[in-house]
2 protein chains.
Amino acid sequence: MRIGELARRTGVSERSLRYYEQQGLLVARRTDGGHREYPEAAVDRVVHIQELFAAGLHSRTIYKILPCMRDSDGSPSEIATPLLVEELTAERERIDRTINDLLRSREVLDEVIVTASGAPSQPSPSSHPSQPSHPSQPSSEAA
Amino acid sequence: MRIGELARRTGVSERSLRYYEQQGLLVARRTDGGHREYPEAAVDRVVHIQELFAAGLHSRTIYKILPCMRDSDGSPSEIATPLLVEELTAERERIDRTINDLLRSREVLDEVIVTASGAPSQPSPSSHPSQPSHPSQPSSEAA
DNA sequence: GTAGAAGCTAACATCGGTGTCAGGTTCAAG
DNA sequence: CTTGAACCTGACACCGATGTTAGCTTCTAC
């Protein structure tokens with residue numbers, strides 16, 4: 001398939017797909033005219049890449065682990081070197097920390113939400129001016 | 001306390017503390033000479049801010065929810081407006097999605113790690129015939 | 001053969017928290 | 001008073017995936 005269809009099917013922009021290729025994450029055959037031609041497996045691969053990006057990995061890291069994943073395009077491919085394993089372990093710890101941060105923050109949000117839901121309406125309706133000052137002069141009403 | 005001590009005690013750079021103040025997240029009294037003077041409660045507040053930043057919230061959002069949190073500096077403060085609650089709910093969903101991404105990516109990493117640990121050294125290091133650009137610089141950068 | 005949709009490359013912009021430097025002022029201790 | 005550490009403001013740089021535009025080429029259907 002060509003890039004437009006791949007973009008449509010994965011929900012990833014054409015721009016990003018070209019970027020992935022530039023970073024070595026995605027390969028494409030070319031037609032005589034230079035248009036990219038992707039195999040079916042590209043869909044799964046792009047989804048995988050997106051997941052890893054979403055987890056905060058950098059393209060360089062993704063580049064290294066892609067050949068070590070089994071279902072990327074059917075081939076089990078390579079085995080991670082000890083150095084890579086070390087890097088991935090560090091990455092894993094970072095992910096763990098991030099998850100913990102997220103869980104804690106989610107609790108904070110929940111508490112605010114619940115407090116607001118379980119509370120009566122504000123005595124004075126939509127009166128409080130608590131947003132007009134992000135960049136300008138917040139110090140005057142940050143309370 | 002002054003900014004240096006607060007930075008030391010929270011592990012947040014002075015630069016960031018000033019930025020927080022600029023965004024209205026942190027207030028400071030000033031000495032006659034203009035130096036910032038923080039109360040003890042600032043330490044907790046900065047930690048809170050950091051958590052929320054770590055969860056991917058923007059300063060504007062943090063700005064809005066800070067007064068709705070109870071232990072920020074002892075005062076229970078304000079109650080979230082319905083509009084804010086809606087926004088926080090959306091944020092909560094984003095966090096949930098992120099957590100799921102992270103969990104999935106962690107599994108992927110684990111699999112690669114386990115595969116490498118449970119496997120012998122590569123029998124033949126020639127498994128990668130064609131590489132457009134190498135691990136070091138996929139396009140144009142130097143690690 | 002031709003029109004229009006779809007692709008191509010290249011370059012620049014963006015976002016937002018943080019690093020860093022420059023040049024000047026304040027604070028605290030001798 | 002003097003000195004050096006600490007602080008001040010302001011400005012610019014960065015990271016890295018993605019958006020966007022421009023100008024041109026290829027593909028496809030008629």
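Modeller: Before any pair of helices is discussed, a helix axis should be understood as a line fitted to C-alpha atoms over the stretch in contact, and the angle between two such axes runs from 0 to 180 degrees between their N-to-C directions. Please also keep in mind that this is a predicted model.

Biologist: How is a pair of packed helices described in general?

Modeller: Two packed helices are described by the angle between their axes and by the distance between those axes. In this structure, the axes of H1(B) and helix H3 of chain B, which covers residues 41-54, come within 10 Å and cross at roughly 50°. That angle makes H1(B) oblique to H3(B), and the crossing of the pair is right-handed.

Biologist: Which residues make the contact between H1(B) and H3(B)?

Modeller: On the side of H1(B) they are B:Leu6, B:Arg9 and B:Thr10, while H3(B) brings B:Ala42, B:Val43, B:Val46 and B:Val47. Sorted by class, the residues of this contact are 5 nonpolar, 1 polar and 1 charged.

Biologist: What does a pair look like when its helices come from separate chains, as with helix H3 of chain A and helix H5 of chain B?

Modeller: The reading goes in the same steps. The axes of helix H3 of chain A (residues 41-54) and helix H5 of chain B (residues 82-117) come within 8 Å, and they cross at roughly 110°. An angle from 65 to 115 degrees counts as roughly perpendicular, and therefore H3(A) is roughly perpendicular to H5(B). The handedness of this crossing is left-handed. A:Glu51, A:Leu52 and A:Ala54 make the contact from H3(A), and B:Asp101, B:Arg104 and B:Ser105 make it from H5(B). These contact residues divide into 2 nonpolar, 1 polar and 3 charged.

Biologist: Are H5(A) and H5(B) roughly parallel or roughly antiparallel to each other?

Modeller: Their axes come within 9 Å and cross at roughly 160°, and because angles over 145 degrees count as roughly antiparallel, H5(A) and H5(B) are roughly antiparallel to each other. H5(A) passes H5(B) in a left-handed crossing, and their contact holds 18 nonpolar, 8 polar and 6 charged residues.

Biologist: Turning to single residues, is A:Leu52 buried or exposed?

Modeller: The general idea is to count the other C-beta atoms within 10 Å of the residue's own, with 20 or more meaning buried and 12 or fewer meaning exposed. A:Leu52, which lies in helix H3 of chain A, counts as buried because it has 24 C-beta neighbours inside 10 Å. If residues up to four places away in sequence are left out, A:Leu52 touches A:Leu57, A:Ile62 and B:Ser105. The C-alpha atoms of A:Leu52 and A:Leu66, which are 14 residues apart along the chain, are separated by 9.9 Å.

Biologist: Where is A:Thr31 found, and why does A:Thr31 count as it does, buried or exposed?

Modeller: A:Thr31 sits in the loop between strand S1 (29-30) and strand S2 (36-37) of chain A, and with 10 C-beta neighbours inside 10 Å, A:Thr31 counts as exposed. The C-alpha atoms of A:Thr31 and A:Met69 lie 28 Å apart, with their positions 38 residues apart along the chain.

Biologist: How many helices and strands are there in chain A?

Modeller: Chain A has 5 helices and 2 strands, and from the N terminus on they follow the order α-α-β-β-α-α-α. Of the 143 residues in chain A, 24% are buried. When contacts in chain A between residues at least 6 apart in sequence are taken, 49% join residues at least 24 apart.

Biologist: Which residues come nearest to DNA strand C?

Modeller: There are 20 residues around DNA strand C, and those that come nearest are A:Gly4, A:Arg36, B:Ser13, B:Arg15 and B:Gly33. Helix H1 (3-10) of chain A and helix H2 (14-22) of chain B are the elements that give two or more residues to this surface. By class, the surface near DNA strand C has 3 nonpolar, 11 polar and 6 charged residues.

Biologist: How many residues surround DNA strand D?

Modeller: DNA strand D is surrounded by 19 residues, the closest being A:Ser13, A:Gly33, B:Arg2, B:Gly4 and B:Arg36. Here the elements that give two or more residues are helix H2 (14-22) of chain A and helix H1 (3-10) of chain B, and H2(A) gives the most, with 3 residues. The surface near DNA strand D divides into 3 nonpolar, 11 polar and 5 charged residues.

Methods: Residues are numbered from 1 along each chain as its sequence is written. Chains are lettered from A and ligands numbered from 1 in the order in which they are written. This is a predicted model: local features need pLDDT of at least 70, side-chain atom pairs count only at pLDDT 80 or more; totals for chains, interfaces and linings use all residues. A residue is near a molecule or strand if its C-beta atom, placed from the backbone, lies within 6 Å of it. Helices (H or I, at least four residues) and strands (E, at least two) are DSSP runs, numbered from the N terminus. Ala, Val, Leu, Ile, Met, Phe, Trp, Tyr, Cys and Pro count as nonpolar, Asp, Glu, Lys and Arg as charged, and the others, Gly among them, as polar. Angles under 35 degrees count as roughly parallel, over 145 as roughly antiparallel, 65 to 115 as roughly perpendicular and the rest as oblique. A crossing is left-handed if the near helix is turned anticlockwise from the far one by less than a right angle, and right-handed if clockwise. Two residues are in contact if their C-beta atoms, placed from the backbone, lie within 7 Å.
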